[in-house]
Each structure stands twice: as C-alpha cells, then as structure tokens.
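This report describes how one protein chain is put together, moving from the whole chain to its sheet and then to selected helices. Please keep the structure in view while reading.

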Amino acid sequence: MTVTVTDRSALAAALRELKLSGMLGTLDARLAQARAGDLGHIDFLQVLCQDEISRRESHSLERRVRAARFETPATMEGFDFGASPKLPAAQIRDLAALRWLASGESVILYGPVGVGKSHIAQALAHLAIRSGADARFMKASRALAHLAGGHADGTWAKRLRELTRPAVLVLDDFAMRELTAGQADDLYELISERSGKSAVFTSNRAPADWYPLFPNPVVAESLLDRVINSSHQVFMNGPSYRPSKRPGRVVPTGNTSDQ
C-alpha cells in the first residue's frame, strides 16, 4: 500500500472532519504495517476502526471518572487486603463482580473508623464505571446540604435529578449524626426517586442503629426498610487501614496487596 504525503494529508483532514482523531493517532503506525505487508486492505481499515473505538472508550471512561468526583483515586486492585486478616475479603471480592449493580441492589459497608470503607466504596463505583455505568461520590452530609440549598434558591428538583441520574450513588459517612426533619424528608425523596438504582453507603454505625437518628419513626421505617432490605451488608472490622497508606511507609517483606 503506497500512500503519498498528499494522500496522507487529505486522509488526515477527512478523519478530522469526521471526528475520527483516534485513527489519526495511529495512522502512521498502521500505514507502516500495511507497507510492510502485515495488513491487508480490510485489516488496515479494521484496525483503524478499532483504534477509534478504543480512543472513544478511553475518553468516555475518563469523563465518567471525572464526573464521579471521587475523593481519592481508589481502585480494588490498589486495596491492600493483607492490611487486616479480619476483613471479609471473599465478600468484598464477590461484590466486585457487580451482580448487585445488574440487579439494582445496594451495598452497605459499615464498621470502625479507618478500616477502608471509603476506599472499597469508591473502588466498587470505579468498577461500575469501567463496566459502562455512571457513578457519583458524595459525603452524605454534603449531599443533604446540596439538596437543602435547592430549597433556598428554587433548584431543589434540579439538584434531586442530578443525584438521581447516576446508576451508582456513593453516600460516604452515612448516619454520622441525627437528622433534622428537613434532611430526613430530602433523604426519603432521594431514595424514593432512585428506586431500582444502586447506592453504596459507608457508615460507622450498624444499619440497625440508623433508625433512632430520624426524628419521625414512620419516615425512618419506610426509608430504611427499603434501603436495608435491598442491600448487601458488609461488616468491615480490624485495625485502621490508614497507617498502611502513610507516605514513605515501608511494606514488610511478604506483605503484598491482593491484585
């Protein structure tokens, strides 16, 4: 396959016009393969199309990760399961298969401070993004403040839709303190609107201890029964995971993370 400079320039211009810049990035390499006889005409076109698909998938993944607004770049591969033998590693790995997401179920990660609940919550959401879903991470208190602000400026419905839209909503540090009547009502509306969609909750309290935090027992029963009964509950126990993430920490020989 012989391609002149003029031919290449015309092809590059056409690819830009068609917004196929993924092909542009590998065009020279593919042309070299074609000249070497490694690619026939159909093969040449096929690999260029695959290059474009790969570029779009990569950009889509990056966009969804940015939109999730993760607190840290936490992934399941980056979690050190060896940090505590008490962690329910098998249960967490089972959640990594994302069957709960396909079923529209939720996940509750609860246990003492610092055991890695937020890391696992974000890692599960990151896996969901890699599978093609949208996700959003927020501290529970910030999500409630975000909705409350909507009552003041008339954008409450818009803010509710914003939190309803993602396939996975991570509410970190859930049930930290008692809720006001307004917060409980907003949370009820949020959970109701997200019916059939997945959420990941992290909490220092067991789900059974969430009920007294609501000022209205009827709202608590209606909301929490819906959340708790459709969730996979994982008790994460053990020493704090945070010292293992301290900058400059030396990992002892033989203590490797689960990849």
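## Overall picture

Two residues are in contact here when they have heavy atoms within 4.5 Å of each other. On that basis, among contacts in the protein chain between residues at least 6 apart in sequence, 80% join residues at least 24 apart. The model is a predicted one, and its protein chain contains ten helices and five strands. Of the 259 residues in the chain, 41% count as buried.

## The sheet

The five strands form an open sheet whose order is β2-β3-β4-β1-β5, and the pairing is parallel. Strands β2 (135-139) and β5 stand at the edges, and each has a single partner strand, so one side of each is left without a neighbour in the sheet. From one strand to the next, the twist averages 15 degrees. Helix α10 (residues 217-229) packs on this sheet, where it touches β1, β4 and β5, and its direction makes about 75 degrees with that of β5.

## Strand β1 and its partners

Strand β1 (residues 106-110) is mostly covered, with five of its five residues buried. This holds for both faces of the strand, since Ser106, Ile108 and Tyr110 on one side are buried, as are Val107 and Leu109 on the other.

β1 is joined to strand β5 (residues 231-235) by five bridges, and the two run parallel. Within this pairing, Leu109 has Val234 as its bridge partner in β5, while Val107 stands opposite His232 in β5. With strand β4 (residues 198-203), β1 pairs over four bridges, again in the parallel sense, and there the bridge partner of Val107 is Val200. Val107 can thus be followed in two directions, to His232 in β5 and to Val200 in β4.

## Helix α3

Helix α3 (residues 41-68) has 28 residues, which at 1.5 Å a residue should span 40 Å; its end C-alpha atoms lie 41 Å apart, which agrees with that expectation. The buried residues of α3 are Phe44, Leu48, Asp51, Glu52, Arg64 and Ala68. Just after the helix, Arg69 takes a positive phi of about 55 degrees.

## Helices α7 and α8

Two packed helices are described by the angle between their axes and the distance between the axes. For helix α7 (residues 140-153) and α8, the angle is about 155 degrees and the axes are 7 Å apart. Because angles over 145 degrees count as roughly antiparallel, α7 is roughly antiparallel to α8. From α7, the residues Ala143, His146, Leu147, Gly149, Gly150, His151 and Asp153 meet Trp156, Arg159, Leu160, Glu162 and Leu163 in α8.

## Arg159

Arg159 lies in helix α8 (residues 156-164) and is among the residues of that helix that meet α7. Is Arg159 buried or exposed? Its relative accessible area is 19%, and the cut-off for a buried residue is under 20%, so Arg159 counts as buried.

Leaving aside residues up to four places away in sequence, Arg159 touches His146, Leu147, Gly149, Gly150 and Asp153. Two of these neighbours also appear in its polar contacts: the side chain of Arg159 reaches the backbone oxygen of His146 at 2.7 Å, and a polar contact of 2.8 Å joins the side chains of Arg159 and Asp153.

Terms used. Residues are numbered from 1 along each chain as its sequence is written. This is a predicted model: local features need pLDDT of at least 70, side-chain atom pairs count only at pLDDT 80 or more; totals for chains, interfaces and linings use all residues. Side-chain values use heavy atoms; hydrogens and water are left out. Buried means under 20% relative accessible area, exposed over 50%, partly exposed in between (1.4 Å probe, protein chains only). Two strands pair if DSSP finds at least two bridges between them. The expected span of a helix is 1.5 Å times one less than its number of residues. A polar contact is a pair of N or O atoms within 3.5 Å; within protein, one must be able to donate a hydrogen and the other to accept it, and residues adjacent in sequence count only if both atoms are side-chain atoms. Axes are lines fitted to C-alpha atoms, for helices over the stretch in contact, and angles run from 0 to 180 degrees between N-to-C directions. Angles under 35 degrees count as roughly parallel, over 145 as roughly antiparallel, 65 to 115 as roughly perpendicular and the rest as oblique.
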